[in-house]
Amino acid sequence: MTDLISLAANAPKAELHLHIEGSFEPELMFAIAQRNGVKLPFASVEDIRAAYNFSNLQEFLDIYYQGMSVLLCERDFYDLTWAYLKRAAADNVIHTEIFFDPQGHTARGVAFADAIGGIARALGDAQDKLGMSSKLIMCFLRHLSEEDALATLEEAQPFMALIDGVGLDSSEIGHPPSKFERVFAKARELGLHIVAHAGEEGPPDYIWQALDILKVERVDHGNRALEDGKLVARLADEGMCLTVCPLSNLKLCVVDDMKAHPIRAMLDAGLKPCINSDDPSYFGGYVNDNFAALIDALPLTRTDVEQLLRNSFEGAFLAAEEKNKALRRLEDYLLSVG
Ligand code: ADE
Ligand code: ZN
């Protein structure tokens, strides 16, 4: 088991489900709050961490939006992103696809240019200094209106060269993918990649809608797909990647126990899950911690772990040549460890 944990830890991998605002460690949050003269409703880093006990998605989101409210200028977004990228490199992430929530910033008066500028500058440095490639995915907050999402897509126009895709996140139940049909149609016309959170708390029907109405290329989470045999068959048939987030699922009570995590069932059903950290600062672990938690709790074989690692590259929005290069790097690593 320990061997499998280190095999996974040392392997080159991609991370495909990471909210940059969810990587905000309390130490950095305090430092940025102080330099911006913003008061946090917590006395210490320990107090912040002690508040990270959630019984559902909404309880987490309330504290997540509060945390990001100290981010005001370009440098803040750079520091946040650079801290994640360095930490991800330590987990042997060689390619990352990052979500950001512009509406969580522009609604507070932060300039779109400052948020995306700081994130993109750090991603450029990751390529130059860490050899890590990346894509940037702009998420729409589903608890807000479609008009707000359309206005955000409009506001993003001058920055299209920095944006690779759009996603859908925030409070799932009561905000089905169908609410965002028009804005996703526009995003597709612009040639953007399409993903959406679906089936984290919401029913299988939301996953059908993500496929049929939004025309997603990946499903973020997708846990509840397993309740619907026809949906499982469709996802398996299409080789649809599911970006699964085990520690997130545990912290948000999507699963009661890691031993009950559906990753085993997903693999057995021929689905294509990969492993991700979602909001690592809030959920207690980066991508390698997620692999370790699963391997500890479940009867995963080396073949399973290898498949999960391969899926991370196969599901990535890399061009074919880059994808093959990354997959070859993984296969070389797997051969080298015997
Ligand atoms: N925003 C950040 N993390 C999220 C999650 N796990 N689900 C939905 N929205 C999110
Ligand atoms: Zn997420």
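## Val254: a partly exposed loop residue

In this predicted model, Val254 counts as partly exposed, because its relative accessibility is 25% and the partly exposed class runs between the limits of 20% and 50%. The residue is located in the loop that joins helix H12 (246–251) to helix H13 (263–268).

Leaving aside residues up to four places away in sequence, Val254 is in contact with Glu200, Asn223 and Asn249. Glu200 is 54 residues from Val254 along the chain, yet the C-alpha atoms of the two are separated by 7.0 Å.

## Ligand 1 and its surroundings

Glu200, a contact partner of Val254, is also one of the residues around ligand 1. The complete set around the ligand consists of His19, Leu57, Phe60, Leu61, Tyr64, Asp169, Ser170, His197, Glu200, His221, Asp278 and Asp279.

Three acidic side chains provide polar contacts to nitrogen of the ligand. In the side chain of Glu200, an N or O atom is 2.7 Å from a nitrogen atom of ligand 1. A distance of 2.7 Å likewise separates a nitrogen atom of ligand 1 from an N or O atom in the side chain of Asp278. For Asp279, the distance from a side-chain N or O atom to a nitrogen atom of the ligand is 2.7 Å.

## The internal cavity

With the protein atoms taken alone, the model contains 1 cavity of 30 Å³ or more. The largest cavity holds about 100 Å³ of space. Its lining comprises 14 residues, and those nearest the centre are His19, Leu57, Phe60, Leu61 and His197. These five residues also appear among those around ligand 1.

Helix H4 (residues 57–68) makes the greatest contribution to the lining of the largest cavity, supplying 4 residues. By character, the lining divides into 5 nonpolar, 4 polar and 5 charged residues.

## Asn276: a buried loop residue

Asn276 belongs to the loop between strand S8 (272–275) and helix H14 (280–283). Is this residue buried or exposed? Asn276 is buried, because its relative accessible area is 0%, and buried means under 20%.

The side chain of Asn276 has a polar atom 2.7 Å from the backbone nitrogen of Leu16. The backbone nitrogen of His17 is 3.1 Å from a polar atom of the Asn276 side chain. Leu16 and His17 are also among the residues that Asn276 touches, together with Glu15, Thr243, Val244, Cys245, Pro246, Val287 and Asn290, when residues up to four places away in sequence are not counted.

Terms used
Residues are numbered from 1 along each chain as its sequence is written. Chains are lettered from A and ligands numbered from 1 in the order in which they are written. This is a predicted model: local features need pLDDT of at least 70, side-chain atom pairs count only at pLDDT 80 or more; totals for chains, interfaces and linings use all residues. Side-chain values use heavy atoms; hydrogens and water are left out. Helices (H or I, at least four residues) and strands (E, at least two) are DSSP runs, numbered from the N terminus. Buried means under 20% relative accessible area, exposed over 50%, partly exposed in between (1.4 Å probe, protein chains only). A polar contact is a pair of N or O atoms within 3.5 Å; within protein, one must be able to donate a hydrogen and the other to accept it, and residues adjacent in sequence count only if both atoms are side-chain atoms. Contact means heavy atoms within 4.5 Å. On a 1 Å grid over the protein atoms alone, a cavity is a set of points where a 1.4 Å probe fits but cannot get out, and a pocket is an open set with protein on both sides within 12 Å along at least five of seven lines; lining residues have an atom within 4 Å of a point. Grid points are joined across faces, edges and corners, and a volume is the space filled by probe spheres set on the points. Ala, Val, Leu, Ile, Met, Phe, Trp, Tyr, Cys and Pro count as nonpolar, Asp, Glu, Lys and Arg as charged, and the others, Gly among them, as polar. A residue is near a molecule or strand if one of its heavy atoms lies within 4 Å of it.
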